[in-house]
Amino acid sequence: MAELVVDLTYGNALFQAAKEVGKVKPILEDAYGVLGVLEREPDLLAFLNTPAIAAKEKKEVVARIFDGRISDELLNLLRVLIDKGRTRHYSKIVDTFKRLIDKEEGFSYGKILSVGPLSEERLSRFEEETGKLLKLNVKLENSTASDLIGGVIVYIDGKIIDASIKGRLKDLRGSMQQ
């Protein structure tokens, strides 16, 4: 729970700072760029996450790598995360930042359960169809559910759309019992 609060707090702070300077999209691109560097350079990530190394040294390294290459707002966030010992939260903070951008642009997030992973094309079609049905801009995260026989179940904004075979069989059983 505390980690969620950290992610929301810093993600929201970055979002507000980006809005204030009118650079939401460029800062998002920079944030993903930094994320890419951290994924490609696990030693750098380990260095930033090691509590035994002084914050001053970490900030000097971050400045050498990113100063002039990313926005000042994002660089300041990295410095704060280093000072507070929260660099391990960076990727979730970026996720929160992206969700806030999407929310402001009118997107709703949901989850779609399926027997197996959905292709990007099928996921996109489900987002489009769900959006039409609910009159929303929808982004869905796909998860698998081994108890499904087939079909999908969509959870979004407190609503459940059960288009699974299991759900249809349950409905059929209910109508036959009446």
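## A four-stranded sheet and its helices

Ile-112 stands opposite Val-154 in E3, and this pair is a good place to enter the structure, which is a predicted model. The two strands around that pair are E1, covering residues 107–114, and E3, covering residues 151–156; they run antiparallel to each other and are joined over five bridges.

**The sheet, strand by strand**

Stepping back from that pair, you will find an open sheet of four strands in the order E2-E1-E3-E4, with mixed pairing. Its edges are E2 (137–144) and E4, each of which pairs on one side only. From one strand to the next, the twist averages 20°.

Where does the mixed pairing come from? E1 and E2 pair in the parallel sense, over eight bridges, whereas E1 and E3 pair in the antiparallel sense, and so do E3 and E4, over six bridges. Lys-111 has Glu-141 of E2 opposite it. On the E4 side, Tyr-155 stands opposite Ile-160, and Ile-156 stands opposite Lys-159.

Here are the strand pairs side by side:

| Strand pair | Sense | Bridges | A facing pair |
|---|---|---|---|
| E1 and E2 | parallel | eight | Lys-111 and Glu-141 |
| E1 and E3 | antiparallel | five | Ile-112 and Val-154 |
| E3 and E4 | antiparallel | six | Tyr-155 and Ile-160 |

**The hairpin and its turn**

E3 and E4 (residues 159–164) make a hairpin with two residues between them, and Asp-157 in the turn has a positive phi of about 50°. Gly-158 lies in this loop between E3 and E4. Is Gly-158 buried or exposed? Its relative accessibility is 84%, so Gly-158 counts as exposed. Its C-alpha atom is separated by 9.1 Å from that of Gly-110, although the two glycines are 48 residues apart along the chain.

Another positive phi turns up at Lys-135, where the angle is near 55° in a residue other than glycine. That is worth a look, because most residues other than glycine have a negative phi. Lys-135 sits in the loop between helix H7 (120–134) and E2. With a relative accessible area of 74%, Lys-135 is exposed.

**A residue on the edge strand**

Ala-163 belongs to strand E4. Its relative accessibility is 26%, and therefore it counts as partly exposed. Leaving aside residues up to four places away in sequence, Ala-163 touches Gly-151, Val-152 and Arg-168. Asn-142 is 21 residues from Ala-163 in sequence, and their C-alpha atoms are 15 Å apart in space.

**Helices across the sheet**

Two helices lie across pairs of strands. Helix H6 (residues 90–104) lies across E1 and E2 and runs at about 115° to E1. Helix H8 (residues 165–177) lies across E3 and E4, running at about 90° to E4.

**A helix crossing earlier in the chain**

Now for a contact between helices. How do H2 and H3 cross? The axes of H2 (residues 24–40) and H3 (residues 42–49) come within 5 Å and cross at roughly 100°. Angles of 65 to 115 degrees count as roughly perpendicular, so H2 and H3 are roughly perpendicular to each other. On the H2 side, the residues taking part are Val-37, Leu-38, Glu-39 and Arg-40, and they meet Pro-42, Leu-44, Leu-45 and Leu-48 in H3. The residues of this contact divide into six nonpolar, no polar and two charged.

**The chain as a whole**

Finally, how many helices and strands does the protein chain have? There are eight helices and four strands, and along the sequence they follow the pattern α-α-α-α-α-α-β-α-β-β-β-α. The radius of gyration is 21 Å, well over the 16 Å that the globule rule gives for 178 residues, so the protein chain is more spread out than a compact globule. Along the principal axes, its C-alpha atoms fill a box of roughly 70 × 35 × 30 Å.

Buried residues make up 35% of the 178 residues. As for contacts between residues at least 6 apart in sequence, 65% of them join residues at least 24 apart.

Terms used: Residues numbered from 1 in each chain as written. Predicted model: local features only at pLDDT ≥ 70, side-chain atom pairs only at ≥ 80, totals over all residues. Heavy atoms only, no water. Pairing = 2+ DSSP bridges. Axes fitted to C-alpha atoms, helices over the stretch in contact; angles between N-to-C directions. Parallel < 35°, antiparallel > 145°, perpendicular 65-115°, else oblique. Contact = heavy atoms within 4.5 Å. Nonpolar A, V, L, I, M, F, W, Y, C, P; charged D, E, K, R; others polar. Rg over C-alpha atoms; globule rule 2.2 N^0.38 Å. Buried < 20%, exposed > 50% of the residue type's maximum accessible area, 1.4 Å probe, protein only.
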